[in-house]
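Open the model in your viewer and keep the selection tool handy. We will go stop by stop, and at each one you will hear what to select and what is there.

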Amino acid sequence: MKCKRYLPPEQLQEFLSQFDAITKIIGFSVQNRPIKMLEIGSGPYKILIWSQMHGNESTTTKALLDLIPWFIDVNQEKLHSSFTLYIIPQLNPDGSLVYTRNNANNIDLNRDAIKMSQPESKALKFIYEKIKPNLCLNLHGQQTIYSAGKEGKSAILSFLAPAADLECSITPARRRSMGIISGIVKLLEKEISGSIGRYDETFNPNCVGDSFTQSGTPTILFEAGHVPDDYQREKTRLYIFEAFKALFISILQPNQAFEPKDYLSIPNNEIEFCDLILSGVNILVDGNEIKKQKIAIQYRETLIKDSVHFLPEMKAYGTELDLRAHKYTKLPASIQTSKIEFHDKELIKNRALINLLSLTN
Ligand SMILES: [Zn+2]
């Protein structure tokens, strides 16, 4: 099923209805929407997978739409007898409907692991304790700002073996996560060379992944990142699907002894990118005209009616910028005389930028 960035619960349900026999309701959201879980396979190695605990991070959910039928396919006998997957495609259906990170009580479910204040957090914890999984996959999406390492490429995929304590000790559970991630990265290396990053490991016991790792369950955080120009994230979706397949291989491969140093050699996520740098722009700052400036633009994802729009906002301007962009555009000479007016330290009004960008297309 092809989809754009917006994947509301009803659209997901259109897909899930064919799997009713293996789907059950594990709880209800703040606004009483059902939280669903699919159980697939019959193997002893249990993997608990949840996506869209942040409602505006739909890419990994889209990859689950690819994984589910692929895994069910009869030719995957070896996988069926090795693994049982417990898949929660949308832990935060209320946030998914309105395209927000937080749930309907405006709580970040990935900061609720200690308090357990929200029904969605409780549903996940209940299932976690009931299943006692061998591995957890905590699926997320990342903004376009991250690179894989300093001056590296755009981070298309990023992973984290969450810490279990402030010292970021390599506990047995964490070591296992590190090994599986290293296996995935090795398998995907050729395909997306230099575009895989390692997410910040700072310990935060309020985060679900850190909490489960602390409880002794290997957990892997997936971050679906950005392929330049792929704002609908259909390409990233395929890479996430590839990463799922690589994960099974990584677990099943005997004698694959990865050391923590293999994991630690994956380049860190750095914040280095903006979406667009527009050059040759004359701007008015508090009445003074500054000529031939570069402006760094970041798109803000905004749900308007039934689709996500990418509204430009200015992050910085100057003759030299301390940022790289996924795209560079020079304002054509014919429109270089146009001026953008704004006041220092204030974002350029969306409308002015939208108008300006429409001239460059
Ligand atoms: Zn997230």
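## Two domains, side by side

Begin with the C-alpha centres of domain 1 and domain 2, which lie 34 Å apart. To colour the domains, use the assignment for the protein chain: 9-271 for domain 1 and 273-360 for domain 2. Please keep in mind that this is a predicted model.

Now look at where the domains meet: ten residues of domain 1 are in contact with nine residues of domain 2. On the domain 1 side of this meeting place, six residues are nonpolar, four are polar and none is charged.

Zoom out for a moment and show the whole chain as a cartoon. You should find ten helices and 15 strands. The C-alpha trace spans about 70 × 45 × 40 Å along its principal axes. The radius of gyration is 22 Å, which agrees with the value near 21 Å for a compact globule of 361 residues. Of those 361 residues, 43% count as buried. Among contacts with a separation of 6 or more, 76% join residues 24 or more positions apart.

## The largest nonpolar core

Next, select Ile49, Ile87, Ile181, Phe222 and Ala243 and show their side chains. These are the residues with the most contacts inside the largest nonpolar core, which has 77 residues. Which helix gives this core its largest share? Select residues 234-252: this is helix α8, and it supplies seven residues. The core also draws at least three residues from each of domain 1 and domain 2.

Stay with Ile87 and display what surrounds it. Setting aside residues up to four places away in sequence, Ile87 touches Met37, Leu38, Ile40, Ile49, Leu64 and Ile68.

## Along helix α6

Select residues 172-188, which is helix α6, and find Met178 in it. The helix has 17 residues and reaches 25 Å from its first C-alpha to its last, close to the 24 Å expected. Its buried residues include Ala173, Arg174, Ser177, Ile180, Ile181, Ile184 and Val185. To see what covers the buried residues of α6, add elements such as β7 (157-160), β8 (196-198), α7 (208-214), β9 (219-224), α8 and α9 (260-264).

Is Met178 buried or exposed? Met178 counts as buried because 25 other C-beta atoms lie within 10 Å, and the cut-off for a buried residue is 20 or more. Not counting residues up to four places away in sequence, Met178 touches Ala161, Pro260 and Tyr263. Draw a distance from Met178 to Pro218 as well: they are 40 residues apart along the chain, and their C-alpha atoms are separated by 8.8 Å.

## Helix α5 and the residue after it

Now move to residues 119-131, helix α5. Its 13 residues reach 18 Å from first C-alpha to last, close to the 18 Å expected. Pro119, Glu120, Ser121, Ala123, Leu124 and Tyr128 are buried in α5. The cover over these buried residues includes β1 (23-28), β2 (34-41), β3 and α7. Step just past the end of α5 and click on Lys132, which takes a positive phi of about 50°.

## Two loops with a positive phi

Most residues other than glycine have a negative phi. Keep that in mind at the next two stops.

Gln52 is in the loop between β3 (45-50) and α2 (59-72). Its phi is near 50°, a positive value in a residue other than glycine. Gln52 counts as buried, with 28 C-beta neighbours inside 10 Å.

Asp229 sits in the loop between β9 and α8. Here too phi is positive, about 80°, although Asp229 is not a glycine. How many C-beta neighbours does Asp229 have inside 10 Å? There are 9, so Asp229 counts as exposed, the cut-off being 12 or fewer.

## Last stop: strand β12

Finish by selecting residues 288-304, strand β12, and picking out Tyr299. Tyr299 is partly exposed, with 18 other C-beta atoms within 10 Å. Leaving aside neighbours within four places in sequence, Tyr299 is in contact with Asp275, Phe310, Leu311 and Pro312. For one more distance, choose Tyr299 and His309: these residues are ten apart along the chain, with their C-alpha atoms separated by 8.7 Å.

Note on methods
Residues are numbered from 1 along each chain as its sequence is written. Helices (H or I, at least four residues) and strands (E, at least two) are DSSP runs, numbered from the N terminus. The radius of gyration is taken over C-alpha atoms; the globule rule is 2.2 Å times the number of residues to the power 0.38. Two residues are in contact if their C-beta atoms, placed from the backbone, lie within 7 Å. Domain bounds come from an automatic or database domain assignment. Ala, Val, Leu, Ile, Met, Phe, Trp, Tyr, Cys and Pro count as nonpolar, Asp, Glu, Lys and Arg as charged, and the others, Gly among them, as polar. A nonpolar core is a set of buried Ala, Val, Leu, Ile, Met, Phe, Trp, Tyr and Cys residues joined through C-beta atoms within 7 Å. The expected span of a helix is 1.5 Å times one less than its number of residues.
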